[in-house]
Amino acid sequence: MNQEEILTKITEIMRETFNSPTLELTPEMTAKDIKGWDSMKNIWLIVAIEEAFEIKLSTSDVISIECVADYIKLISEKSAL
Amino acid sequence: MIFHSLDYLIFLPLVVAIYWMLNREKQVIFLIGVSYFFYGYIHPWFLYLILTSTVVDYYCGLAMGRLPEHKHKLLLLSISVNLGLLGFFKYFGFFVDNVAELFILLGLPSFTNNLDIYLPVGISFYTFQTMSYTIDIYRGQLKPRKNFLDFALFVSFFPQLVAGPIERAVNFLPQVEKKRSLSVSDVQSALFLLVWGFFKKLVIADNIAFIVSKIFLLENTSFLLVWVGAFAFGIQVFADFSAYTDIARGSARLLGFKLSQNFNHPYISASPTEFWKRWHISLTSWIHDYIFLPLALSRRLRTATGGLIISLFITFFINGLWHGAGWNFILWGLYHFALLLIYAWAKSVTPEHIRDHQWLRPFQIFLMFLLLHPSYIIFLNGDVSYIWRDLTLSPFVNSEIQTQAALFLFGKALFFSIPLWAHTIFSYVRERFWTGDSWKPLAVQVVASMIMFISILVLRGDSVDFIYFQF
């Protein structure tokens, strides 16, 4: 799966998680740019991403994520394993 | 030593003057020395505790780097020592009292707690700070430090030692390790932070403290008086705690260090989640990273909605308990847990275009501000039986004298809170409408500083300890 495909899939997951059908993601976006991305929704998002990409994210992985690009990088690294 | 004392007004300029005459290595040794002097000024034996925490975490961190196969045990050692110190000095008495109560309830022979344990000031802050070091090494987010002195300064740095901000090693240690500098704009912003901090403490918080203590000591109270007291405490605790942070940040900046932001205008929050992103940020982010996330992502709790709720419950239980060994603090944490849960539900059933409508934001801010008031009533009542009494007072039963007193005290609290509101509105407008990044309102800062300085001389309230010293 290439980076664009990952971004498309994350966009779908985020639209559903944040109940925002028109959400458009860019790699540099952070939690501040997306309405409703709070600590609780973040857990939903992590679980949804893990299920969709069949990966496991540790607490350290989650803490290191600052923007959408970090998610894409982490997913491509974990999927490659 | 306390910030709002003549001793500190002599101590800080003297430290700054000597500090900038030294090279980096000597600066570190000098700062450790003055930090230990600052902390042990009144109770020198407290220094044993901070030294224990420093030595244990330094060697645990070092050993984790050298013996990665034992890092789990070493982390447990670090956490046990820190929580052991915190548990004994802060919670032992509370625990024994509750066990004694339980014995009475069960009809077992009871006992009394004869141990009078003195709470070492700032212990909740520096134990959390130093634990973050070993946890980050365990998680692979930080490399263990070989230089003991650099680490000792991270634990004991006097500006934020007693009441935060709770710094992370990953932010602070690189500042210790590099050569520091001081620019004119650093001095300018540091002095403004110091004057603003002293103004908030001495003029706003200390004057309002009088109103709060007067109201909450009344045996014969009324609905209006209690809610005016809650309003006043909301202003006092914000002015008091953010004042400490500002004085800490200003003092640190004069020494070439940048401490993290602890408050970001919490009273313009439109929801409980936004409030926790703006209030006591260093503690909230600590609790989020080291308690909530590991719990919510643990194998047992990560998949179910119930798991998220349990994680949130435990997080806010600990948040409450961190504030003090008392049921009122635990109930305060659980009240905030309930607010977050109700908000999450309300958000899920409200259409997005209504929820996020910009015209609703002022109403949401006002509602959030009102919802904080019961939490203050809970927080303030050490005797839990008074919480229910205060929260259930009838709004229709107020004697004329009680109403007059409440209105007078409300007016006084409102008067002293004006600078806080003005600062919040000014900052909000500046952030929202000013797009240039080099705007430095020097003239505004100079005029404001002069007004504040005169106000401190004229309007200063009776000196009261910083509220967060007790935590």
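## Exercises on a predicted two-chain model

**Exercise 1.** Leaving aside neighbours within four places in sequence, find which residues Phe154(B) is in contact with, and then place Phe154(B) in the largest nonpolar core.

*Solution.* Setting aside the neighbours within four places in sequence, one finds Phe154(B) in contact with Ala169(B), Phe172(B), Leu173(B) and Val176(B). The model is a predicted one. Turning to the core, the largest nonpolar one holds 133 residues, and Phe154(B) belongs to the members that touch the most others, together with Ile208(B), Val212(B), Val228(B), Ala232(B), Ile235(B) and Ala413(B). Helix α10 of chain B, residues 223-254, gives this core its largest share, 20 residues, while domain 1 (6-179) and domain 2 (185-470) of chain B each contribute at least three residues.

**Exercise 2.** Determine how many residues of domain 1 of chain B are in contact with domain 2 of chain B, and on the domain 1 side, how the residues divide by character.

*Solution.* Begin with the bounds, which the domain assignment of chain B sets at 6-179 for domain 1 and 185-470 for domain 2. The C-alpha centres of these two domains of chain B lie 26 Å apart, and 22 residues of domain 1 are in contact with 22 residues of domain 2. On the domain 1 side, the elements that each supply at least two residues are α1 (6-19), α4 (71-105), α5 (123-138), α7 (158-161) and α8 (169-177) of chain B. The residues of that side divide into 13 nonpolar, seven polar and two charged.

**Exercise 3.** Describe how the axes of α13(B) and α14(B) cross, and state which handedness the crossing has.

*Solution.* Fitting the axes of α13 (residues 305-323) and α14 (residues 327-349) of chain B, one finds that they come within 7 Å and cross at roughly 145°, and the crossing is right-handed. The contact includes Phe313(B), Phe316(B) and Phe317(B) from α13(B), and Trp332(B), Phe337(B) and Leu340(B) are among the residues from α14(B). By character, the residues of this contact divide into 13 nonpolar, five polar and no charged.

**Exercise 4.** Decide whether Tyr59(B) counts as buried, partly exposed or exposed.

*Solution.* Tyr59(B) is found in helix α3 of chain B, residues 46-66. A buried residue needs 20 or more C-beta neighbours within 10 Å, and an exposed one has 12 or fewer; because Tyr59(B) has 15 such neighbours inside 10 Å, Tyr59(B) counts as partly exposed. As a further check on its surroundings, the C-alpha atoms of Tyr59(B) and Asn147(B) are separated by 11 Å, although the two residues stand 88 residues apart along the chain.

Note on methods. Residues are numbered from 1 along each chain as its sequence is written. Chains are lettered from A and ligands numbered from 1 in the order in which they are written. This is a predicted model: local features need pLDDT of at least 70, side-chain atom pairs count only at pLDDT 80 or more; totals for chains, interfaces and linings use all residues. A nonpolar core is a set of buried Ala, Val, Leu, Ile, Met, Phe, Trp, Tyr and Cys residues joined through C-beta atoms within 7 Å. Helices (H or I, at least four residues) and strands (E, at least two) are DSSP runs, numbered from the N terminus. Domain bounds come from an automatic or database domain assignment. Two residues are in contact if their C-beta atoms, placed from the backbone, lie within 7 Å. Axes are lines fitted to C-alpha atoms, for helices over the stretch in contact, and angles run from 0 to 180 degrees between N-to-C directions. A crossing is left-handed if the near helix is turned anticlockwise from the far one by less than a right angle, and right-handed if clockwise. Ala, Val, Leu, Ile, Met, Phe, Trp, Tyr, Cys and Pro count as nonpolar, Asp, Glu, Lys and Arg as charged, and the others, Gly among them, as polar.
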